[in-house]
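Colleague: Please take me closely through the second largest pocket in this model. Then carry on to the strands and cavities elsewhere in the chain.

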Amino acid sequence: MSYRTAFLAAGTTATLAAGVLVATTASAAAGCRVDYTITNQWQGGFGASVAVTNLGDPINGWTLRWSYANGQSVTQAWNATVTQSGTQVTAVNAGFNGAITTNASVSFGFNGAWAGANPIPTGFTLNGTACTGGVTPPSSSPPPSSSGRPMEKLGRGVVAVRTGSTSTLVSWRLLGLDPDGIGFNVYRSAGGGTPVKLNATVLTGGTNYTDTTANLGQATSYHVRPVVNGVEQTASSAFTLKANNATEPVLRVPIRPGGAVKFLWVGDLDGDGEYDYVLDRQTSPQTIEAYRSDGQFLWSMNMGPNSTNQDNIEGGASTINVGHNDGVTVYDLDSDGRAEVAVRIANGVVFANGTTFTMSDNTRQAIAILDGRTGAPRATAALPTDYLSDGPMYARFGVGHLDGNTPSLVAYTKNRIGNGGFNLMYTAWRFTGTALTQQWKFLRGNQDLPDGHNTRVIDVDGDGRDEVAEIGFVLNGNGTLRYSLAPQGIVHGDRFHITKIDPNRPGLQGYGVQQDNPSGLREYYYDAATGSMIWKHTGSGVADVGRGVAADIDSRHPGMEVWSFDGVYNARSNQLTQSTTQAPWPQLPFYWDGDTGAELLNNLKFEKWNPNSPSNSSSLPRLLSAGSFGAVNASQNINPVLYGDFLGDWREEAVYTNAAFTELIIFTTNLPSTTRLYTLAHNPAYRNAMTLKGYMQSHHVDYFLGYNMPTPPRPAIRYAG
């Protein structure tokens with residue numbers, strides 16, 4: 001890893017912050033240029049090379065001093081080697097004298113023991129104040145920045161699938177804060193033997209590797225070691241393929257026998273850096289279960305007698321996961337490195353530790369934050385009772401960083417007013433580790449604010465703070481109304497998307513479809529930050545447009561395509577690129593084959609639309625059929641229980657169960673890819689989307705993901721825990 005500055009003018013010094021040298025005013029004898037190159041790091045010592053170039057003044061009697069974070073100066077703990085024009089001049093402890101001519105350079109090399117209990121060296125001075133700066137040691141997971149939202153400190157998520165008689169595809173994560181230029185070595189252990197490195201040179205492309213020489217008749221384990229500036233880092237956790245594993249793009253995780261599963265969430269429940277699983281059971285009463293990533297059962301929670309009424313509009317006070325509602329989510333809400341489970345509860349719920357939750361009646365409701373490892377309640381808080389007279393409220397839960405720094409639980413809650421309209425209340429909650437407190441409450445009341453079947457929590461204006469988006473309105477992170485699309489003719493609809501649809505337009509864009517809009521409006525495209533409409537499509541008569549998708553599926557046109565049932569449009573140009581008869585079915589975009597265009601996930605089918613040879617929506621080219629591997633549909637009888645990027649490289653997994661509901665069938669790609677992207681789970685918009693359910697809809701990043709995309713910027717995050 002190298003940190004470099006341009007020339008600094010005389011009278012300035014430089015300090016290193018988050019990998020960038022920034023000039024600051026100070027006194028100095030001369031200007032200088034400073035190049036930092038790390039040559040060693042944590043393992044047994046700390047090393048660095050520092051090159052200093054004088055811009056015109058002779059340098060005599062300069063002293064090199066490392067300054068620790070606590071302000072102490074150390075001059076004897078480091079050995080310095082001084083070279084000029086590549087030739088060693090002298091080797092001394094920490095100090096030297098030398099005369100350097102105009103524009104010549106002198107390099108100082110350091111190697112010395114560094115004890116982990118001591119502060120990391122953060123700066124140096126030359127001749128007092130001539131040049132100052134700091135060097136941050138590299139690592140596979142660099143120290144978190146002091147700013148940015150806390151997100152999960154993930155491991156490498158190594159996964160391997162058998163692709164042939166002697167071949168496997170091994171895949172792993174590039175993390176959001178990995179240093180530029182990081183590489184990887186892949187190791188294989190056969191039958192429990194000594195791991196052997198497989199790659200001849202460090203891998204710096206896509207974070208996957210095809211092993212063609214494995215003896216798969218025995219258990220075979222794989223792990224990776226990051227390589228930073230030529231130095232191997234700590235090994236990842238290993239993934240093991242059992243002996244004679246089937247040739248399939250599938251990871252099978254056993255679960256206990258039980259009822260049907262509708263939804264599954266992922267979160268690092270035990271703090272080991274890998275995602276664990278939380279799922280529902282659509283029994284009567286309903287239950288919630290938690291499993292480690294390897295299938296080890298952790299706990300079960302009974303949702304009680306108030307979950308037996310599972311009407312999808314007016315069900316019981318503790319019913320979860322019916323209709324477009326959920327009432328459960330999983331996330332590290334107190335940023336301690338372990339995920340919690342948030343669930344909407346009511347009278348009679350029995351927690352995993354055997355305690356029963358009680359309220360004064362069967363209509364009042366509360367929110368519980370459960371310990372992810374045990375299922376025991378860590379905090380509870382009553383839901384506001386503004387609409388209690390109309391019965392219990394169904395809920396949709398999600399997570400966002402509404403202030404840009406701290407996770408918040410966002411709760412969409414709704415109940416019916418008699419036989420007519422609906423009350424809608426939004427609340428935001430903060431969990432401190434010991435208490436759950438309400439941050440704000442928003443009541444729709446009589447305002448014309450159309451909602452839909454899904455919620456999105458996303459930073460629509462790029463200020464680092466998330467907003468809460470519905471299909472027809474957006475709330476600011478403080479719970480105030482940002483804008484409504486109702487004055488522009490938007491009513492209720494089933495699907496909407498917010499992402500970087502047009503790579504050449506500032507900010508994010510939204511796309512939505514309409515249900516029974518009296519104006520004949522079918523679909524619309526708008527600026528996500530302001531709500532200003534860019535274009536609309538209308539048709540004759542009133543129609544229920546139940547599906548709509550935004551994804552890049554046509555490399556011939558810049559930006560994403562959007563489509564429902566009126567043909568495929570290039571969003572940025574509003575150009576019809578494919579007629580209705582040969583458009584793909586608008587279900588879920590999905591990243592599987594390794595290019596940056598989207599594949600499609602539709603009713604157990606992994607499909608790839610070919611714009612150069614379009615086909616009817618019922619006969620798209622198929623990459624695989626999930627049903628052939630024993631998978632069955634779950635939510636809405638067309639979707640998996642979860643999809644998203646939670647294993648391997650940046651491509652997505654789709655999770656189903658078998659028909660007996662005793663196994664999770666996790667599809668993870670078996671195709672190599674040269675595309676190198678950090679894990680989508682470290683993108684704030686995408687990770688928020690994975691906490692939300694409703695009617696299962698697309699997860700989106702906050703940058704343009706598509707053909708001919710630029711390299712996305714490093715996410716503004718830090719690691720929790």
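**The pocket and beyond**

Modeller: Strand β22 gives the most to the lining of the second largest pocket, with five residues. This is a predicted model: local features need pLDDT of at least 70, side-chain atom pairs count only at pLDDT 80 or more, and totals for chains, interfaces and linings use all residues. Residues are numbered from 1 along each chain as its sequence is written, and side-chain values use heavy atoms, with hydrogens and water left out.

Terms for the pocket come next. Strands (E, at least two residues) and helices (H or I, at least four) are DSSP runs, numbered from the N terminus. On a 1 Å grid over the protein atoms alone, a pocket is an open set of points with protein on both sides within 12 Å along at least five of seven lines. A cavity is a set of points where a 1.4 Å probe fits but cannot get out. Lining residues have an atom within 4 Å of a point. Grid points are joined across faces, edges and corners, and a volume is the space filled by probe spheres set on the points.

The second largest pocket has a volume of about 630 Å³. Its lining holds 26 residues, and Phe239, Thr240, Leu251, Ser293 and Asp294 are the closest to the centre. Strands β21 (239-241) and β22 (250-254) each supply at least two lining residues. By class, the lining has 14 nonpolar, five polar and seven charged residues. Here Ala, Val, Leu, Ile, Met, Phe, Trp, Tyr, Cys and Pro count as nonpolar, Asp, Glu, Lys and Arg as charged, and the others, Gly among them, as polar.

Now the enclosed spaces. The structure holds five cavities of 30 Å³ or more. The largest cavity has a volume of about 120 Å³. Of its 14 lining residues, Thr455, Arg456, Ala689, Leu692 and Ser698 are the closest to the centre. The elements that give two or more residues to this lining are β35 (456-458) and α1 (684-690). Strand β35 gives the most, with three. The lining of the largest cavity has six nonpolar, six polar and two charged residues.

The second largest cavity comes to about 90 Å³. It is lined by 13 residues, and Tyr591, His699, His700, Val701 and Leu705 lie nearest its centre. Its lining has 10 nonpolar residues, three polar and no charged ones.

On to the strands. The chain has one helix and 54 strands. Two strands pair if DSSP finds at least two bridges between them. Strand β40 (residues 509-513) is largely enclosed by the rest of the structure, because five of its five residues are buried. Buried means under 20% relative accessible area, exposed over 50%, and partly exposed in between (1.4 Å probe, protein chains only). Both faces of β40 are covered: Gln509, Tyr511 and Val513 are buried on one side, Gly510 and Gly512 on the other.

Strand β40 has two antiparallel pairings to follow. With β39 (residues 496-499) it shares four bridges, and threonine 499 stands opposite glutamine 509. With β41 it shares five bridges, and glutamine 509 stands opposite aspartate 527.

Strand β41 (residues 521-527) also pairs with β42 (residues 533-538), antiparallel over five bridges. Glutamate 523 stands opposite histidine 537 there. Strands β41 and β42 form a hairpin with five residues between them, and glycine 531 in the turn has a positive phi of about 80°.

Further along is an open sheet of four strands, in the order β47-β48-β49-β50, with antiparallel pairing. Its edge strands are β47 (588-590) and β50 (622-625), each pairing on one side only. The twist averages 25° from one strand to the next; such axes are lines fitted to C-alpha atoms, for helices over the stretch in contact, and angles run from 0 to 180 degrees between N-to-C directions. Strand β49 (residues 605-607) joins β50 through three bridges. Glutamate 607 has arginine 622 as its bridge partner in β50.

One loop residue deserves a stop. Glycine 477 sits between β37 (473-475) and β38 (481-484). Its relative accessibility is 15%, so glycine 477 counts as buried. Leaving aside neighbours within four places in sequence, glycine 477 is in contact (heavy atoms within 4.5 Å) with Leu402, Trp440, Asp466 and Glu467. Glycine 404 is 73 residues from glycine 477 in sequence, yet 9.0 Å away in space, C-alpha to C-alpha.

Last, the whole chain. Buried residues make up 59% of its 721 residues. Among contacts between residues at least 6 apart in sequence, 59% join residues at least 24 apart.
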